[in-house]
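Open the model in a viewer and keep a selection panel at hand. The tour goes from the whole chain to single residues.

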Amino acid sequence: MELSARKREILRLVVEEHLATGQPVGSKALVQRAHLDVSSSTVRGELSELEAIGLLTHPHTSAGRVPTE
């Protein structure tokens, strides 16, 4: 599956943030820290799609996402 530029950027940001903090990364944090020009709900949708193809996971429902192995 070919990732869009926005999905690639969001994935890169999740990986970098997770490596820096060791914590799951939420959509609101991504929008705020990376100054993305989209809403947190748009980022949540992208995160969900990245999770569906196996690139991200989340420890529990209310947690942010983390990269898969």
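What follows is a list of stops in a predicted model, each with something to select and something to look for.

**Whole chain**

Start with everything shown as a cartoon. The protein has three helices and two strands, and read from the N terminus the order is α-α-α-β-β. Turn the C-alpha trace onto its principal axes: the spans are about 30 × 25 × 20 Å. The radius of gyration is 11 Å, which agrees with the value near 11 Å for a compact globule of 69 residues. Among contacts with a separation of 6 or more, 42% join residues 24 or more positions apart.

Now switch to a surface. The protein exposes about 4400 Å², and carbon and sulfur atoms supply 50% of that area. Buried residues make up 30% of the 69 residues. Colour by charge next: there are 8 positive and 9 negative charges, and the mean positions of the two sets lie 5 Å apart.

**The nonpolar core**

Hide the surface and select Ile-10, Val-14, Leu-30, Val-43 and Leu-47. In the largest nonpolar core, which has 13 residues, these five touch the most other members. The elements that give two or more residues to this core are α1, α2 (27-34) and α3 (40-52). Helix α1 gives the largest share, four residues.

Stay with Leu-30 and show what surrounds it. Beyond its neighbours within four places in sequence, Leu-30 is in contact with Ile-10, Leu-13, Val-14, Val-25, His-35, Leu-36, Val-43 and Leu-47.

Move to Leu-47, in helix α3. Is Leu-47 buried or exposed? Its relative accessibility is 0%, so Leu-47 counts as buried. Residues up to four places away aside, Leu-47 touches Ile-10, Val-14, Ser-27, Leu-30, Leu-56 and Arg-65. For a distance check, draw a line from the C-alpha atom of Leu-47 to that of Arg-33: the two residues are 14 apart along the chain, and the line is 16 Å long.

**Along helix α1**

Select residues 5-21, which form helix α1, and stop at three of its side chains.

- Lys-7, in helix α1, has a relative accessible area of 11% and is therefore buried. Not counting residues up to four places away in sequence, Lys-7 touches Glu-46, Glu-49 and Leu-50.
- Glu-9, also found in helix α1, is partly exposed, with a relative accessible area of 31%. Its C-alpha atom is separated by 9.8 Å from that of Leu-36, a residue 27 positions away along the chain.
- Leu-13, again in helix α1, is buried, with a relative accessible area of 12%. Setting aside residues up to four places away, Leu-13 touches Leu-30, Ala-34 and Leu-36. From Leu-13 to Arg-33, 20 residues apart in sequence, the C-alpha to C-alpha distance is 9.4 Å.

**The loop between α2 and α3**

Select His-35, which lies in the loop joining α2 and α3. What is phi of His-35? Phi is near 50 degrees, a positive value in a residue other than glycine. Most residues other than glycine have a negative phi. His-35 is exposed because its relative accessible area, 64%, is over the 50% cut-off. His-35 is also one of the residues in contact with Leu-30, seen at the core stop.

**Strand β2**

The last selection is Pro-67, in strand β2 (residues 66-67). Pro-67 is partly exposed, with a relative accessible area of 23%. Which residues does Pro-67 touch, not counting residues up to four places away in sequence? They are Val-14, Val-15, His-18, Leu-55 and Leu-56. Measure to one of these, His-18: the residues are 49 apart along the chain, and their C-alpha atoms are separated by 7.7 Å.

To finish, keep Pro-67 and Leu-47 on screen together. Val-14 and Leu-56 are among the residues that Pro-67 touches, and Val-14 and Leu-56 are also among those that Leu-47 touches. Val-14 is one of the five core residues selected earlier, those that touch the most other members.

Definitions and conventions. Residues numbered from 1 in each chain as written. Predicted model: local features only at pLDDT ≥ 70, side-chain atom pairs only at ≥ 80, totals over all residues. Heavy atoms only, no water. Buried < 20%, exposed > 50% of the residue type's maximum accessible area, 1.4 Å probe, protein only. Rg over C-alpha atoms; globule rule 2.2 N^0.38 Å. Contact = heavy atoms within 4.5 Å. Areas by Shrake-Rupley, 256 points an atom, 1.4 Å probe, with all protein chains shown as cover. Lys, Arg positive; Asp, Glu negative; His and termini not counted. Charge placed at Lys NZ, Arg CZ, Asp CG, Glu CD. Core = buried A, V, L, I, M, F, W, Y, C linked by side-chain atoms within 4.5 Å.
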